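Hi,

Here is the model I said I would pass on. Have a look at it first, and then read my notes below.

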Amino acid sequence: MKKSQALAEAISEQDNDTNLVSFAMNLFDIVGINQDDRGDNMVVITPSDHMLVPDFPGLQEDGCTITFERDVALSREDAQFVTWEHPIIRNGLDLILSGDTGSCALSLLKNKALPVGTLLLELVYVVEAKAPKQLQLNRFLPPTPVRMLVDKNGTNLAAQVEFESFNRQLSAVNRHTGSKLVNAVQSDVHAILQVAEEKVADAAQALIDAAREEADEKLSAELSRLEALKAVNPNIRDDELAAIETNRQQVMEALSQANWRLDALRLIVVTHQ
């Protein structure tokens, strides 16, 4: 009874999550999907002529009506109930994460405590391992972001400067001004980026080493448990033990091949205006 009550409360909490609404609307803007508010907590979304892809998976050519309210979806057959698991949301996320959109940005930081023109480069690297799905590497090393905030001296300030509060202090730059700024500081950006590439190696390798240690410990324990069971249960076959050991070796080999890549960067320029 307690479990079912907890599950019901979790579903209710997710239904009332306003973050999904703002996220979805922002996602539609980025992808280029038209939105028409029809009232009664319903929105009609239709393809536009300037979408990131010609055919957006999950969105029909004539569009569809969506709602973020479960009660509305239950009372209106024509309204699709949108959750974090809805194909339109998941496909949109996949499109953004796999493409170049949003991977580079330029922002201004108004901070009189720093000299005008101070440069900061915020970088997000992703540590990941590629292997067949049956190895289930995500148990030990899911794609893991490593954030860095590097100044012109090569100091990584990420640990001292929390992302959300820092992000709220930044303002956007129009394309014309941004282009001029980037051209003016291009050599400095390349120098900072080179330092960041060197610094991220230690953090990324630490994640990989920890994943290898966890995998070896858990998979070896699983093998030992089965070997102990075989000693008292002749039904445990040798090929079962061999399969677990082979799996362990393949997982360890795949994790040893894990690497990291630069996923996104943002140049921040300090201003007093």
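**What I found**

Let me start with one residue: Arg-248 is found in helix 7. Keep in mind throughout that this is a predicted model. Is Arg-248 buried or exposed? Its relative accessibility is 19%, and buried means under 20%, so Arg-248 counts as buried. If you skip the neighbours within four places in sequence, Arg-248 is in contact with Asp-216, Leu-219 and Ser-220.

**The five-stranded sheet**

There is an open sheet of five strands, with the order 7-6-9-5-8 and mixed pairing. Strand 7 and strand 8 (170–172) are the edge strands, each pairing on one side only. From one strand to the next, the twist averages 30°.

Inside that sheet, strand 5 (residues 104–110) and strand 9 run parallel and are joined by seven bridges. If you want a spot to zoom in on, Cys-104 stands opposite Leu-265 in strand 9. Helix 6 packs on this sheet and touches strand 5, strand 6, strand 7 and strand 9. The direction of helix 6 makes about 40° with that of strand 6.

Helix 6 also ties in with a record. UniProt, in an unreviewed entry, places a "coiled-coil region" at residues 193–232. In the model that span is 100% helix and 0% strand, and its end C-alpha atoms lie 59 Å apart.

**The cores**

The largest nonpolar core has 33 residues. Which residues have the most contacts inside it? They are Leu-123, Tyr-125, Leu-141, Val-251, Leu-255 and Leu-267. At least two core residues come from each of strand 6 (119–128), strand 7 (144–151), helix 6 (175–232), helix 7 (238–256) and strand 9 (259–271). Helix 6 gives the most, with eleven residues.

Leu-255 is a good one to click on. Apart from neighbours within four places in sequence, Leu-255 is in contact with Ala-129, Leu-137, Phe-140, Leu-141, Ile-208, Ala-211, Arg-212 and Ala-215. There is also a second, separate core of 19 residues, and Leu-20, Val-43, Ile-66 and Val-82 are among them.

**The four-stranded sheet**

Now for the other sheet. Four strands form an open sheet in the order 1-2-3-4, again with mixed pairing. At its edges are strand 1 (34–39) and strand 4 (79–81), which each pair on one side only. On average, neighbouring strands here are turned by 35° against each other, direction ignored.

How many bridges join strand 1 to strand 2? There are five, and strand 1 and strand 2 (residues 42–46) run antiparallel. Asn-34 stands opposite Thr-46 in strand 2. The hairpin of these two strands has two residues between them, and Asp-40 takes a positive phi near 55° there. Helix 2 (residues 18–31) lies across strand 1, strand 2 and strand 3 (64–67), and runs at about 140° to strand 1.

**Two more residues**

Where is Gln-60? Look in the loop between strand 2 and strand 3. Gln-60 has a relative accessible area of 46%, so it is partly exposed rather than exposed, which would take over 50%. The C-alpha atoms of Gln-60 and Ile-45 are separated by 9.4 Å, with the two residues 15 apart along the chain.

The other one is Ala-73, which lies in helix 3 (residues 70–75). With a relative accessible area of 18%, Ala-73 is buried. Beyond neighbours within four places in sequence, the contacts of Ala-73 are Thr-67, Ala-79 and Phe-81. Its C-alpha atom is separated by 45 Å from that of Ala-254, and the two residues are 181 apart along the chain.

Cheers

Conventions:
Residues numbered from 1 in each chain as written. Predicted model: local features only at pLDDT ≥ 70, side-chain atom pairs only at ≥ 80, totals over all residues. Heavy atoms only, no water. UniProt positions renumbered as here; feature names shortened; annotations may be inferred. Core = buried A, V, L, I, M, F, W, Y, C linked by side-chain atoms within 4.5 Å. Buried < 20%, exposed > 50% of the residue type's maximum accessible area, 1.4 Å probe, protein only. Contact = heavy atoms within 4.5 Å. Pairing = 2+ DSSP bridges. Axes fitted to C-alpha atoms, helices over the stretch in contact; angles between N-to-C directions.
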